[in-house]
Amino acid sequence: RDAQESRGLGDVYKRQTSMMFHMWMCLLSLSFAQDAETEAVEPKLALSFGSSLLFVEQAFVAEGLPNQTQERVVPVPSWLLLGEYMWTPRWSSAVMLNVPLSTVRRIDENGDIYEQHSAAAVGLGAAFSPVNLSVFSQATFRPQVALLGGRTINDLEKNVFFPLLVSRMVLVSASGTSLYGGVAYAFQEETFALIYGIGHRF
């Protein structure tokens, strides 16, 4: 069963990667189709769509010991939506929505494994970009760190608040198309995540 679930997760990751690649290529095509001589306007709003891998402890039957269970860290794939409003070139307000795509395996009081609903989460906070570096002649590299207040929104047991620290590297083209990758950590939930996606600035 574990082998089947591992293959299932692998299929999910492959579909996510394929979808992100095709979306990125479509955005690049739209960017190159724009007139290069259009007068530049400083963007204020940025929207990004991507994915995250939430690394959480899940329960499994111990290998070779069918009556015993063990916990190990396994990634849970999620959809991730980020939004920014840039007050200055370095400071911006940030919002996020994260929606897990699978359940989490837990152990009940009787030692049995069950599937638990994964709660979605929202967040609101501020982001800071210390530098804007020009690369590839028509692109800008922006490292960014953000601190958000997060909250689960559809937990079947109890919704909780948690501080969320995000660090990501953003590459922005001259037309406003962006590509990012980074990490996030929810302190109270003790959850680490890898994040990546594409976006556009308006």
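Student: Which residues make the nonpolar surface patch of about 550 Å²?

Tutor: This is a predicted model. One member of the patch, Y85, sits in strand β2, residues 69-86. Y85 is partly exposed, with a relative accessible area of 36%. The full set is L45, L47, Y85, W87 and F202.

Student: Does H200 count as buried or exposed?

Tutor: H200 belongs to strand β11, residues 191-201. The cut-off for buried is under 20% relative accessible area. H200 has 18% relative accessibility, so H200 counts as buried.

Student: Which side chain makes a polar contact with the side chain of H200?

Tutor: Start with what H200 touches, leaving out residues up to four places away in sequence. The list is L45, A46, L47, S175, G176, T177 and S178. One of these makes a polar contact, side chain to side chain, at 3.4 Å. That partner is T177.

Student: How far apart in space are S51 and Y196, C-alpha to C-alpha?

Tutor: S51 lies in strand β1, residues 45-61. S51 has 0% relative accessibility, so S51 counts as buried. In sequence, S51 and Y196 are 145 residues apart. In space, their C-alpha atoms are separated by 5.7 Å.

Student: What share of the contacts with a separation of 6 or more comes from residues 24 or more positions apart?

Tutor: The protein has one helix and eleven strands. The helix comes at the N-terminal end of the order, and the strands follow. Among contacts with a separation of 6 or more, residues 24 or more positions apart account for 55%.

Student: Which element gives the largest share of the largest nonpolar core?

Tutor: Nonpolar side chains tend to be buried together in soluble globular proteins. Here the largest core has 17 residues, and L80, M96, L148, L164, V166 and Y180 touch the most other members. Elements giving two or more residues are β2, β3, β6, β8, β9 and β10. The largest share, five residues, comes from β9.

Student: Which residues does M96 contact, leaving aside neighbours within four places in sequence?

Tutor: M96 is one of the core residues that touch the most other members. So are L80, L148 and L164. The contacts of M96 are L80, L81, L82, A121, V122, G123, L148 and L164.

Student: How much of the exposed area do carbon and sulfur atoms supply?

Tutor: Of the 202 residues, 36% count as buried. The protein exposes about 12200 Å². Carbon and sulfur atoms supply 62% of that area.

Definitions and conventions. Residues are numbered from 1 along each chain as its sequence is written. This is a predicted model: local features need pLDDT of at least 70, side-chain atom pairs count only at pLDDT 80 or more; totals for chains, interfaces and linings use all residues. Side-chain values use heavy atoms; hydrogens and water are left out. Helices (H or I, at least four residues) and strands (E, at least two) are DSSP runs, numbered from the N terminus. Buried means under 20% relative accessible area, exposed over 50%, partly exposed in between (1.4 Å probe, protein chains only). Contact means heavy atoms within 4.5 Å. Accessible areas come from the Shrake-Rupley method with a 1.4 Å probe; for residues, only the protein chains shown count as cover. Patches are made of residues with over 30% relative accessible area and no salt bridge: like charges are joined within 9 Å, nonpolar side chains (Val, Leu, Ile, Met, Phe, Trp, Tyr) within 5 Å. A salt bridge is a side-chain nitrogen of Lys or Arg within 4 Å of a carboxyl oxygen of Asp or Glu. A polar contact is a pair of N or O atoms within 3.5 Å; within protein, one must be able to donate a hydrogen and the other to accept it, and residues adjacent in sequence count only if both atoms are side-chain atoms. A nonpolar core is a set of buried Ala, Val, Leu, Ile, Met, Phe, Trp, Tyr and Cys residues joined through side-chain atoms within 4.5 Å.
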